[in-house]
Amino acid sequence: MIQHKILKNSFPYLEISNQYAHAKISLQGAHVFAYKAPDKPALLWLSPKSTMQEGKAIRGGIPICFPWFGRHKADSTLPQHGFARISLWKVVDEEERTNGTTYIRLQLTQTAQTRKLWAYDFEVNLDVIVGETLTLSMHITNTDTKPFEVSTALHTYLNISDIENVEVVGLDDTEYYDALTNSTHRQQGNLSIHTEIDRVYQHKQASITLLDSDREISITSEGSGSLVVWNPWKEKSITMADMSDDGYKTMLCLETANAREDSRVIEAGKTHSIDVIYR
Ligand code: BG6
């Protein structure tokens with residue numbers, strides 16, 4: 001079942017239920033903010049303090065960072081992580097498939113407003129398949145007459161039992177940029193987290209696994225050569241209005257990205273895609 005719903009403050013979203021899972025997708029940001037299979041804990045973390053209001057990114061779920069990841073290189077007054085996560089997308093296709101999965105396509109194209117922030121014509125389609133796995137495919141098409149460069153991320157907040165319990169497998173010997181110290185290092189072994197972390201791993205493997213005490217989440221991707229790992233830890237959480245002071249304990253962002261040296265130039269008329277499957 002696909003239901004088009006509106007929160008009290010006129011925030012439009014889709015609610016999807018099928019034999020495999022229950023999911024919610026906000027039209028602002030094409031933002032999947034809930035996905036849960038009946039026999040498993042919720043896949044995605046969502047801050048109970050997220051305001052779900054127009055013009056403010058949801059804290060949790062899968063924000064889409066586009067057309068730039070992080071701060072804009074030249075102008076730090078432009079929205080952090082680009083405008084896609086605070087723009088209203090259109091639902092251009094929806095289908096309940098005979099195999100029991102549900103398919104939704106959301107689309108964002110340039111407007112007079114986006115052209116003030118980024119002077120290009122583009123079309124981004126986000127395909128979401130809600131099934132036994134959660135699949136997202138983001139297709140970025142350059143509909144302009146000149147090439148453009150993008151950095152992007154599916155800024156996924158994973159729901160975990162406790163940050164001290166988890167390990168990320170698949171990053172051994174991978175080089176990373178540490179945004180907290182502005183320096184580059186190489187990962188040794190699995191990654192466990194006991195303090196604030198903000199890193200971009202480059203040339204990562206196509207499959208990363210999050211080991212938790214009660215389950216494993218595997219993230220398989222194509223079209224992405226970088227992974228952002230972020231947890232604000234306690235001190236930063238306290239400064240964030242849309243995060244509870246101990247919210248950091250039950251979330252970890254593992255962001256399938258094209259960030260930093262993995263940014264992509266897309267020629268006029270061409271499409272670049274990132275596909276990711278969470279299982
Ligand atoms: C991460 C960045 O992807 O997102 C961090 O690497 C940033 O530097 C975090 O703090 C959250 O960003 P925002 O804009 O959603 O608060």
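User: How do you know that β8 and strand β9 pair?

Analyst: In this predicted model, β8 and strand β9 (residues 134-142) are joined in the antiparallel sense over 9 bridges, and because at least two bridges are needed for two strands to pair, the two count as paired. One of these contacts sets D127 against S137 in β9, and the two strands form a hairpin with 3 residues between them. Strand β7 (residues 102-109) also runs antiparallel to β8, with 8 bridges between them, and I104 stands opposite V128 there.

User: Why is strand β8 called largely enclosed?

Analyst: Of the 9 residues of strand β8 (residues 122-130), 7 are buried, so the rest of the structure largely encloses the strand. F122, for instance, has 0% relative accessibility, and since buried means under 20%, F122 counts as buried.

User: What makes the pair of F66 and F122 tilted?

Analyst: The model holds 14 aromatic pairs by the rule used here. The ring centres of F66 and F122 are 5.4 Å apart, and their planes stand at 55 degrees; because the limit for centres is 6.5 Å and tilted covers what is neither under 30 nor over 60 degrees, the pair is tilted. The two residues are 56 residues apart, with F66 in the loop between β5 (64-65) and β6 (90-96) and F122 in strand β8.

User: Why is Y120 called partly exposed?

Analyst: Y120 has a relative accessible area of 22%, and because buried means under 20% and exposed over 50%, Y120 falls in between and is partly exposed.

Definitions and conventions: Residues numbered from 1 in each chain as written. Predicted model: local features only at pLDDT ≥ 70, side-chain atom pairs only at ≥ 80, totals over all residues. Heavy atoms only, no water. Buried < 20%, exposed > 50% of the residue type's maximum accessible area, 1.4 Å probe, protein only. Helix = DSSP H or I, 4+ residues; strand = E, 2+ residues; numbered from the N terminus. Phe/Tyr/Trp six-rings, centres within 6.5 Å; stacked < 30°, edge-to-face > 60°.
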